[in-house]
Amino acid sequence: MVTPHDFTRRSFIHRTLSAAGAEFAELAGAAVAVGFGRSPEEEEEQARSLALADLSPLPRIGFKGGEVISWLVGQGVQIGAANNVAYRQEDGALAARLADTEALVLCDIHVGSGLVARLDEDWSFETAGLCFPVPRRDASFWFALTGREAAAMLAKLCGVDLRPKRFADGSVAQTSVARMSAIVIRNDLGGTPAFYVLGDSAAADYLWGSLIDAMAEFQGRPVGLPALESLARR
């Protein structure tokens with residue numbers, strides 16, 4: 001059986017996940033939570049209603065600087081002129097434009113995209129100009145909140161109106177969640193509303209616990225990555 005301790009890279013909340021009964025599998029060189037003792041069908045149904053998944057071990061990278069956008073475009077990244085928008089790439093990755101001088105790139109949940117690895121490899125002081133990498137995979141947690149009750153639940157913790165009619169698919173909010181600074185990205189999976197929540201790794205356990213507590217009113221539970229993959233295939 002795979003455990004987080006089998007890998008150098010592991011989730012910031014791996015102990016909390018283990019205590020909750022998580023089962024792990026290797027993905028992208030790390031242990032990823034893939035279930036919590038329920039059948040795949042039960043996990044998928046939970047994800048349709050309200051669920052929380054930890055994506056922290058998956059690849060991502062950030063960039064800051066005056067030439068971030070031009071360098072990314074030159075690398076073939078599809079990114080528009082509007083800030084606080086996540087632009088979906090052809091291979092499923094997301095490029096979130098946070099400002100004229102900052103962007104965040106997330107792999108797809110299937111980890112089929114090689115964009116993050118390619119950008120990391122292609123970046124250099126000599127060729128990138130005023131564009132500097134930020135180690136988001138090492139410094140920021142990445143959670144996914146899914147389901148028809150997700151926006152209502154987030155309303156308890158976040159001042160931004162995240163209801164579908166106000167916060168469209170692809171929208172980005174740099175805000176506070178449970179009084180902690182966070183980035184919220186709406187990235188629906190199939191026809192199911194889904195929100196990525198990212199923030200400082202030091203707050204990972206606190207925010208996970210806050211989200212789990214807030215979900216109780218709506219019978220929300222944690223799920224593994226395969227439940228999200230099932231939603232995305234619908």
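Gly 199 counts as buried, because its relative accessibility is 8% and the cut-off for buried is under 20%. This glycine is found in strand 12 of what is a predicted model. Phe 141 is 58 residues away from Gly 199 in sequence, yet their C-alpha atoms are 5.6 Å apart in space. Beyond its neighbours within four places in sequence, Gly 199 is in contact with Ala 139, Ser 140, Phe 141 and Ser 181. From here, let's walk through the sheets, the cores, the rings and the helices.

**The sheet around strand 12**

- Strand 12 belongs to an open sheet of six strands, which run in the order 10-11-12-9-3-13 with mixed pairing.
- At the edges of this sheet are strand 10 and strand 13, each of which pairs on one side only.
- Strand 13 pairs with strand 3 in the parallel sense, over two bridges.
- One residue match to look up there is Ala 51, whose bridge partner in strand 13 is Arg 221.
- As a general reminder, strands of a sheet pair through backbone hydrogen bonds, in either a parallel or an antiparallel way.

**Strand 7 and its partners**

- Which way do Glu 102, Leu 104 and Leu 106 point from strand 7, and which way do Ala 103 and Val 105? Glu 102, Leu 104 and Leu 106 point one way, while Ala 103 and Val 105 point the other way.
- That fits the general pattern for a regular strand, where side chains alternate between the two faces of the sheet.
- Both sets are buried, and strand 7 (residues 102-106) is mostly covered, with five of its five residues buried.
- Strand 4 (residues 60-64) pairs with strand 7 in the antiparallel sense over five bridges, and Ile 61 has Val 105 as its bridge partner in strand 7.
- Strand 6 (residues 94-99) also pairs with strand 7 in the antiparallel sense over five bridges, with Ala 96 standing opposite Leu 104.
- Two residues make up the hairpin connection from strand 6 to strand 7.

**The hairpin of strands 1 and 2**

- Strand 1 (residues 23-27) and strand 2 are antiparallel partners over five bridges.
- Leu 27 has Ala 30 as its bridge partner in strand 2.
- Two residues lie between the strands of this hairpin, and Ala 28 takes a positive phi near 55° there.

**Nonpolar cores**

- The largest nonpolar core has 47 residues, and the members that touch the most others are Leu 55, Phe 63, Leu 72, Ile 185, Tyr 196 and Leu 228.
- Leaving aside neighbours within four places in sequence, Tyr 196 has contacts that include Leu 55, Leu 94, Leu 106, Ile 109, Trp 142, Phe 143 and Ile 185.
- Another core, of 34 residues, lies apart from the largest one and has Leu 17, Phe 143, Cys 158 and Phe 218 among its members.
- In soluble globular proteins generally, nonpolar side chains tend to be buried together.

**Aromatic pairs**

- How many aromatic pairs are there? The count comes to seven.
- One of them joins Trp 123 and Phe 125 edge-to-face, at 4.8 Å centre to centre with 65° between the planes.
- Trp 123 is buried, at a relative accessible area of 17%, whereas Phe 125 is exposed, at 60%.
- Phe 167 and Phe 195 form a stacked pair, with 6.3 Å from centre to centre and 25° between the planes.
- Phe 167 is in the loop between helix 7 (150-154) and strand 10 (172-177) and Phe 195 is in strand 12 (residues 194-200), so this pair ties together parts that are 28 residues apart in sequence.
- Phe 167 and Phe 195 are both buried.
- Ring pairs also link Trp 123, Phe 125 and Phe 132 into a cluster.

**Helices 8 and 2**

- Helix 8 (residues 204-215) has 12 residues and reaches 16 Å from its first C-alpha to its last, close to the expected 16 Å.
- Its buried residues are Ala 204, Leu 207, Trp 208, Ser 210, Leu 211, Ala 214 and Met 215.
- Why do these residues lie on the same side of helix 8? They do so because they cover an arc of only 160° around the axis.
- In helix 2 (residues 40-49), the buried residues are Glu 43, Glu 44, Gln 46, Ala 47 and Ser 49.
- The cover over those helix 2 residues includes strand 2 (30-35), strand 3 (51-54), strand 9 (140-146), strand 13 (221-222) and helix 9 (225-233).

Methods
Residues are numbered from 1 along each chain as its sequence is written. This is a predicted model: local features need pLDDT of at least 70, side-chain atom pairs count only at pLDDT 80 or more; totals for chains, interfaces and linings use all residues. Side-chain values use heavy atoms; hydrogens and water are left out. Helices (H or I, at least four residues) and strands (E, at least two) are DSSP runs, numbered from the N terminus. The expected span of a helix is 1.5 Å times one less than its number of residues. Buried means under 20% relative accessible area, exposed over 50%, partly exposed in between (1.4 Å probe, protein chains only). The arc is that of the directions from the helix axis to the C-beta atoms. Contact means heavy atoms within 4.5 Å. Rings of Phe, Tyr and Trp (its six-membered ring) pair if their centres lie within 6.5 Å; planes under 30 degrees apart count as stacked, over 60 as edge-to-face and the rest as tilted. Two strands pair if DSSP finds at least two bridges between them. A nonpolar core is a set of buried Ala, Val, Leu, Ile, Met, Phe, Trp, Tyr and Cys residues joined through side-chain atoms within 4.5 Å.
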